[in-house]
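Here are a few exercises to work through with the model open beside you. Try each task before you read its solution.

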Amino acid sequence: MFVQFGHGNVVEFFTTDISVLHDVQTSFSIEVFKYTGFLYVSMKQAIVIRENLGLSIGKTCAQAAHASLGSALEAKKEWFEKWKSQGQKKIVLKANLKTIKELKKKASSAGIPNKIIRDAGLTEILPGTITGIGIGPAPEKQVDKLIGSLPLL
């Protein structure tokens, strides 16, 4: 069961027993949940841009946008909706090509949505050049485990 509080905070309750209280005079019923605990799952997306291409600021922003949208469209609906309701937390990092390819393999193996971005080659770089990767949205702990200590862009 999911309960949403203000500001989009989604809390998942694990119920063990459900009781219904009923007021005979007003015919008003309320379900009371006895729960063993709850789990707040913070969602996150990481965008990793290739650091050695010498892209202009505008081109870098466009590639980051492609990575964000590309990986978001690969996400499980439940993960996407949670991420969206929480404000679409993301972080933008930089890495070399080897690291980006390793991230792709690790994310795919872990079942985390991801998308490698290859440029069309219409402006600054050759067609097919890998410019970055989008990872997630996925549970923040899983994303953080993948991106480790990569530096911010």
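**Exercise 1. A helix and its hidden side**

Which residues are buried in helix H2 (residues 77–85)?

*Solution.* Before starting, note that this is a predicted model, where local features need pLDDT of at least 70 and side-chain atom pairs count only at pLDDT 80 or more, while totals for chains, interfaces and linings use all residues. Residues are numbered from 1 along each chain as its sequence is written, and side-chain values use heavy atoms, with hydrogens and water left out.

- Step 1: Take the helix as a DSSP run (H or I, at least four residues; strands are E, at least two; both are numbered from the N terminus).
- Step 2: Apply the burial cut-offs: buried is under 20% relative accessible area, exposed is over 50%, and partly exposed is in between (1.4 Å probe, protein chains only).
- Step 3: In H2, that picks out Trp79, Lys82 and Trp83.
- Step 4: These residues span an arc of only 100° around the axis, so they sit on the same side of H2. The arc is that of the directions from the helix axis to the C-beta atoms.
- Step 5: Just past H2, Gly87 has a positive phi of about 95°.

**Exercise 2. Lay out the sheet**

In what order do the strands of the open sheet come?

*Solution.*

- Step 1: Pair two strands if DSSP finds at least two bridges between them.
- Step 2: The 4 strands then read S5-S4-S7-S6, with mixed pairing.
- Step 3: S5 (90–95) and S6 (114–118) are the edge strands; each has a single partner strand, so one side of each lacks a neighbour in the sheet.
- Step 4: From one strand to the next, the twist averages 20°. Axes here are lines fitted to C-alpha atoms, for helices over the stretch in contact, and angles run from 0 to 180 degrees between N-to-C directions.
- Step 5: S4 (residues 43–50) and S5 run parallel and are joined by 6 bridges. Ile49, for instance, has Lys94 in S5 as its bridge partner.
- Step 6: Helix H1 (residues 57–72) lies across S4, S5, S6 and S7 (130–139), at about 140° to S4.

**Exercise 3. Find the cores**

How many residues are in the largest nonpolar core?

*Solution.*

- Step 1: Join buried Ala, Val, Leu, Ile, Met, Phe, Trp, Tyr and Cys residues through side-chain atoms within 4.5 Å.
- Step 2: The largest such set has 21 residues, and Ala46, Ile112 and Ile135 are among those with the most contacts inside it.
- Step 3: S4, H2, S5, H3 (97–109), S7 and H4 (140–147) each give two or more residues to this core. S7 gives the most, with 4 residues.
- Step 4: A second, separate core of 5 residues includes Ile47, Ile49, Ala64 and Ile117.

**Exercise 4. Compare two helix residues**

Is Lys59 buried or exposed?

*Solution.*

- Step 1: Lys59 belongs to helix H1, and its relative accessible area of 12% makes it buried.
- Step 2: Contact means heavy atoms within 4.5 Å. Not counting residues up to four places away in sequence, Lys59 touches Asp119, Thr123 and Glu124.
- Step 3: Now take Leu97 in helix H3, which counts as partly exposed at 25% relative accessibility.
- Step 4: With residues up to four places away in sequence left out, Leu97 touches Arg50 and Ile130. The C-alpha atoms of Leu97 and Ile130 are 7.5 Å apart, though 33 residues separate the two along the chain.
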